[in-house]
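Let's take a friendly walk through this model together. Have the sequence and the 3D view side by side as you read.

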Amino acid sequence: MLRLLFCLACALILVASSVASAAIVEHSFHVKNLTVRRLCSEQVITAVNGSLPGPTLRVREGDTLVVHVFNKSPYNMTLHWHGVFQLLSAWADGPGMITQCPIPPGGKYTYKFKLLKQEGTLWWHAHVGWLRATVYGALIIRPRSGHPYPFPKPDKEVPILLGEWWNANVVDVETQALATGAQPNNSDAFTINGLPGDLYPCSQNSKQSYVIISSVIMDIRDMNIIGAPTTASPIMPLMPAFNDTPTAHKFFTTITGLADVHLPLGLATAFVVENGPTKESTLPPPPPDLPRC
Ligand SMILES: *[C@@H]1O[C@H](CO)[C@@H](O)[C@H](O)[C@H]1NC(C)=O
Ligand SMILES: *[C@@H]1O[C@H](CO)[C@@H](O)[C@H](O)[C@H]1NC(C)=O
Ligand SMILES: *[C@@H]1O[C@H](CO)[C@@H](O)[C@H](O)[C@H]1NC(C)=O
Ligand SMILES: *[C@@H]1O[C@H](CO)[C@@H](O)[C@H](O)[C@H]1NC(C)=O
């Protein structure tokens, strides 16, 4: 009996810990103007919650992340959770005009997704034009409680976000480059956690020093849209013969994105949805409040 009770207690603890290991982590992000001083002068930037970088999000594998975004900036805004596999939550991915239309100035939207089967240090950033230059922060997914790190547990962890700084409004830099067709202006400094290094003018008192031992790997992925199969096994569309220019041209010119823009050439950037065979493995429709154009 004692043994049975003991096992019951074990079972209860197990249930409790598995419940505890899938928390709902909820945050609010206020995106708005922030005046900061860098490289000897003041600059108005767009930032989350008055800091550059924005808040670090810390979750565990299995958690649900809920981020309420209040766009108090003068710009269209979306947030992208860089490197997150959106498992059945593709509508929360965030690229503007691809999975959603932007959150307009004065608008709000709640991103909600589960961080299943993935761990590591990622980042979140604006996904509208160049706003990612100042609207970004770290997203740290630790193993579930009681599960080990896939490497020796570090004594201390310091997120390091590398960036670039312009002595200008980054939206103006982008607009100017698009208008003139010229290269966008080079940045004025490289930054670590939003601060230029000691060797830049007026940057000697940044009070941060790091020794970087391992290298940083940039993960740049481009994906091409083909279609959104709804059957159990994804079906690739029939591609025209390599020399069938009229058909290829027709295919590319009729691809449209959320913005009703016809792309004259090349490929549209979007995503491929691979639904599984069951209802539980099928992408649900977009949330009713997903920003539309
Ligand atoms: C961001 O700022 C808002 C408003 O001050 C606050 O309620 C919220 O908790 C902050 N979020 C984070 C992640 O710090
Ligand atoms: C925010 O900054 C932009 C760009 O500098 C400016 O046009 C706008 O007036 C500012 N908005 C507020 C509310 O300060
Ligand atoms: C880009 O650089 C040029 C040359 O220095 C400067 O005249 C221009 O104002 C810059 N553009 C922006 C948007 O800062
Ligand atoms: C903001 O997004 C809307 C689509 O939701 C688009 O029509 C509009 O042109 C965008 N504004 C700017 C300044 O890009």
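What follows goes through the ligands, some strands and a loop, and then a cavity.

A word on the ground rules comes first. This is a predicted model, in which local features need pLDDT of at least 70 and side-chain atom pairs count only at pLDDT 80 or more, while totals for chains, interfaces and linings use all residues. Residues are numbered from 1 along each chain as its sequence is written, chains are lettered from A and ligands numbered from 1 in the order in which they are written, and side-chain values use heavy atoms, with hydrogens and water left out.

Let's begin with ligand 1. Its surroundings are His-27, Ser-28, His-30, Asn-49 and Pro-55, where a residue counts as near a molecule if one of its heavy atoms lies within 4 Å of it. Two polar contacts (pairs of N or O atoms within 3.5 Å) are worth finding on screen. In one, a nitrogen atom of ligand 1 sits 2.9 Å from a polar backbone atom of Ser-28; in the other, an oxygen atom of ligand 1 is 2.4 Å from an N or O atom in the side chain of Asn-49. On its own, ligand 1 exposes 360 Å², of which the protein buries 48%; such accessible areas come from the Shrake-Rupley method with a 1.4 Å probe. By class, the shell around ligand 1 holds one nonpolar, four polar and no charged residues. Here Ala, Val, Leu, Ile, Met, Phe, Trp, Tyr, Cys and Pro count as nonpolar, Asp, Glu, Lys and Arg as charged, and the others, Gly among them, as polar.

Asn-49 deserves a second look. This residue lies in the loop between S2 and S3, and its phi is near 55 degrees, a positive value in a residue other than glycine. Pro-53 is also in the loop between strand S2 (41-48) and strand S3 (57-60), and the peptide bond leading from Leu-52 to Pro-53 is cis, with omega near -10 degrees. Strands here are DSSP runs of E with at least two residues, numbered from the N terminus.

Now move to ligand 2. Around it you will find Asn-33, Val-44, Pro-74, Tyr-75 and Asn-169. A polar side-chain atom of Asn-33 is 2.4 Å from an oxygen atom of ligand 2. Of the 360 Å² that ligand 2 exposes when taken alone, the protein buries 35%. The shell of ligand 2 splits into three nonpolar, two polar and no charged residues.

Ligand 4 has Asn-76, Cys-101, Pro-102 and Cys-293 around it. The side chain of Asn-76 brings an N or O atom to 2.3 Å from an oxygen atom of ligand 4. Taken alone, ligand 4 exposes 360 Å², and the protein buries 34% of that. Its shell comprises three nonpolar, one polar and no charged residues.

Next come some strands, which pair if DSSP finds at least two bridges between them. Strand S5 (residues 79-82) runs antiparallel to strand S7 (residues 120-126) over four bridges, with Trp-81 opposite Trp-124 in S7. S7 also pairs with strand S8 (residues 136-142), again in the antiparallel sense, over six bridges; there, Trp-123 stands opposite Ala-138.

Which strands form the open sheet of three? They are S9, S10 and S11, in that order and with antiparallel pairing. Strand S9 (162-165) and strand S11 (195-196) are the edges, each pairing on one side only. S9 is joined to strand S10 (residues 189-192) by four bridges, and Gly-163 has Thr-191 as its bridge partner in S10.

Finally, what about empty space inside? Rolling a probe the size of a water molecule over the atoms shows where such space is left. A cavity is a set of points, on a 1 Å grid over the protein atoms alone, where a 1.4 Å probe fits but cannot get out, and lining residues have an atom within 4 Å of a point. The whole structure has one cavity of 30 Å³ or more. The largest cavity contains about 40 Å³ of space, a volume being the space filled by probe spheres set on the points, which are joined across faces, edges and corners. Its lining consists of Ile-45, Ala-133, Thr-134, Glu-164, Trp-165, Trp-166, Ala-168 and Val-170, that is, six nonpolar, one polar and one charged residues.

Note on methods: A polar contact is a pair of N or O atoms within 3.5 Å; within protein, one must be able to donate a hydrogen and the other to accept it, and residues adjacent in sequence count only if both atoms are side-chain atoms. On a 1 Å grid over the protein atoms alone, a cavity is a set of points where a 1.4 Å probe fits but cannot get out, and a pocket is an open set with protein on both sides within 12 Å along at least five of seven lines; lining residues have an atom within 4 Å of a point.
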